[in-house]
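This report looks at how a protein chain surrounds a ligand and how its strands are arranged. Please keep the sequence and the structure in view while reading.

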Amino acid sequence: MNKVAAAFGIQEALDKLGIQTVNNGTATGSDNFASGEIISSYSPVDGALIATVKSTTKEDYEKVMEVATKAFAHWRTVPAPQRGEIVRQFGEKLRELKEPLGKLVSYEMGKSYQEGLGEVQEMIDICDFAVGLSRQLHGLTMHSERPGHRMYEQYHPLGVVGIISAFNFPVAVWAWNTALAWICGDVCVWKPSEKTPLCGIACQNIAADVFSANGLPEGISCLINGDYKVGEMMTSDSRIPLVSATGSIRMGKIVAQAVASRLGKSLLELGGNNAIIVSPDADIKMTVIGAVFGAVGTAGQRCTSTRRLIIHDSIYDKVKDALVDAYQQLRIGNPLDENNHVGPLIDTDAVALYEQALQKVVDEGGKLIVEGGVLQGEGYESGCYVKPAIAEADNSFAIVQHETFAPVLYLLKYSGGVENAIALQNGVVQGLSSAIMTNNLREAERFLSANGSDCGIANVNIGTSGAEIGGAFGGEKETGGGRESGSDAWKVYMRRQTNTINYTTELPLAQGIKFDL
Ligand code: NAD
């Protein structure tokens with residue numbers, strides 16, 4: 001272990017998570033059967049190689065599907081509240097391991113330690129939610145039009161659920177899916193991002209311990225590793241009735257078509273281009289805190305990060321000055337050091353995309369009012385640290401229409417009524433998160449109305465990022481339309497069956513059709 005990792009106790013965290021790194025750095029854990037090419041996991045924090053992981057070959061994948069399918073045959077017969085009890089134990093284990101797992105998330109992905117802990121807390125919260133839900137997977141009872149008949153619907157487990165996740169929420173997105181899928185009676189095969197494979201192994205180890213302590217089959221939770229080619233094994237596999245995929249719009253379009261071509265179901269959680277409308281009636285102090293956290297938190301690498309601020313012309317200069325001032329206070333550096341606000345981007349490819357975005361906004365006629373730049377020197381050796389930037393721009397710019405996964409905030413001006421701001425907010429292909437800062441009830445209600453925001457998430461006097469697990473999470477348009485986590489999102493993990501029972505000696509047909517023999 002190098003200096004940074006040693007100072008922040010990374011080896012201890014790996015030990016507690018059951019990740020053993022042998023001499024050449026290869027990680028071992030419950031990464032079901034992997035025997036393929038080596039994936040190296042480098043930390044964006046200090047550029048160090050944390051460990052290597054073996055990827056899943058086609059043959060390995062077949063073995064995984066065999067154990068998963070076999071496990072499903074058993075798991076679906078376990079009563080849902082008992083499945084809930086297993087998820088409760090899993091949540092308890094996460095409570096015990098919150099610190100090491102939060103630390104690994106921070107070191108492998110680069111988000112702040114606080115946000116790493118927050119991610120594990122989200123896992124715990126969804127487990128609690130799922131435990132309660134395990135006694136509430138209820139369908140409706142309907143009145144039959146035929147005498148002496150009873151009609152109702154029930155929800156049954158779906159089968160093997162495939163989960164493909166992105167690097168930026170390397171553990172929580174898996175838990176949003178698995179906690180619900182497990183109480184629904186499904187088994188899960190997970191392909192984490194190839195950029196954060198150790199987080200995958202850590203989660204798999206925790207789940208495997210709980211299942212084995214309860215004498216349950218290992219295949220209820222399976223892990224496969226690798227890049228898009230391993231993901232494609234699942235999208236093309238008709239043994240997987242549901243593929244839940246989180247990532248870029250580019251990926252989602254490919255996954256959606258592959259799954260649809262075999263008439264499978266996909267749950268898509270894709271990119272956003274989120275805006276906050278700042279009305280003349282906004283509380284400026286709250287606006288600045290919400291906008292800065294939304295734009296620079298997780299170094300702008302949240303699907304719900306604030307990308308656009310749509311500011312009324314009457315307060316534009318005031319908001320702009322306050323933002324520029326706030327950006328001067330930002331401390332950029334090691335995310336495990338709690339004094340820093342902004343950590344690194346995931347890798348140097350992301351840094352290149354950030355630099356291109358800054359160039360493009362200028363080429364299209366925009367103006368950088370907080371210049372960005374790549375940081376170099378002591379503490380920035382990984383080459384992944386960038387300065388958050390702000391540009392004055394126009395909603396029509398191609399680069400503004402595009403989701404750049406980095407801390408680049410575009411300021412857009414509107415005049416007239418809130419409907420003009422809403423038109424700008426909706427004037428992008430993505431539809432994930434949106435917000436309005438206003439103390440004006442009419443504006444707020446207009447923003448939330450049917451001709452208001454077209455996003456899956458619409459907030460008033462809160463920024464665009466940081467959702468709670470109790471609500472359904474997801475977005476419209478090219479964000480993919482999926483819903484995960486709270487509310488009735490569980491229904492996607494089950495198949496619905498309508499049952500009609502005839503307890504008479506007659507056989508009347510529906511719609512009064514006569515068929516006498
Ligand atoms: P990505 O699209 O590059 O990769 C995401 C995952 O998809 C990875 O596991 C990758 O291996 C896999 N993948 C890529 N191509 C595939 C294919 N053809 N078939 C099967 N699997 C494939 O995304 P990323 O860079 O890891 O994450 C950032 C993106 O994710 C951003 O666009 C962000 O907005 C989005 N995201 C969305 C949400 C949400 O809930 N809406 C949450 C987190 C991240």
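The sections below describe a predicted model, starting with the ligand and then turning to two sheets.

## The shell around the ligand

The ligand is surrounded by 28 residues. The closest of them are S165, E194, S248, L270 and E403. By residue class, the shell divides into 13 nonpolar, 9 polar and 6 charged residues.

Where in the chain do the residues of the shell come from? Domain 1 (3–270 + 483–496) and domain 2 (274–468) each provide at least three of them. Two helices, α9 (228–235) and α10 (249–261), each supply at least two residues of the shell.

## Polar contacts and burial

Oxygen atoms of the ligand lie at short listed distances from several residues. E403, one of the closest residues, has an N or O atom in its side chain 2.6 Å from an oxygen atom of the ligand. For E269, a polar side-chain atom lies 3.4 Å from a ligand oxygen atom. F167 takes part through its backbone instead: one of its backbone N or O atoms is 3.2 Å from an oxygen atom of the ligand. Taken alone, the ligand exposes 850 Å², and the protein buries 92% of that.

## The sheet of 5 strands

Strands of a sheet pair through backbone hydrogen bonds, either parallel or antiparallel. One open sheet of the model has 5 strands in the order β9-β8-β7-β10-β11, and its pairing is parallel. At its edges are β9 (221–223) and β11 (265–269), each of which pairs on one side only. On average, neighbouring strands of this sheet are turned by 15° against each other, direction ignored.

The pair β10 and β11 can be followed in detail. Strand β10 covers residues 242–246 and is joined to β11 by 5 bridges, with the two strands running parallel. Within this pair, A245 stands opposite L268 in β11.

## The sheet of 7 strands

Another open sheet has 7 strands, in the order β14-β15-β16-β13-β12-β18-β19, and its pairing is mixed. Why is one side of β14 and of β19 left without a neighbour in the sheet? β14 (367–370) and β19 (457–460) stand at the edges and each has a single partner strand, so one side of each has no neighbour there. From one strand to the next, the twist averages 25°.

Inside this sheet, strand β13 (residues 306–312) pairs with strand β16 (residues 408–414) in the parallel sense, over 5 bridges. R308 stands opposite Y410 in β16.

Technical notes:
Residues numbered from 1 in each chain as written. Predicted model: local features only at pLDDT ≥ 70, side-chain atom pairs only at ≥ 80, totals over all residues. Heavy atoms only, no water. Near = heavy atom within 4 Å. Polar contact = N/O pair within 3.5 Å; in protein donor to acceptor, adjacent residues only side chain to side chain. Areas by Shrake-Rupley, 256 points an atom, 1.4 Å probe, with all protein chains shown as cover. Helix = DSSP H or I, 4+ residues; strand = E, 2+ residues; numbered from the N terminus. Nonpolar A, V, L, I, M, F, W, Y, C, P; charged D, E, K, R; others polar. Domains from an automatic or database assignment. Pairing = 2+ DSSP bridges. Axes fitted to C-alpha atoms, helices over the stretch in contact; angles between N-to-C directions.
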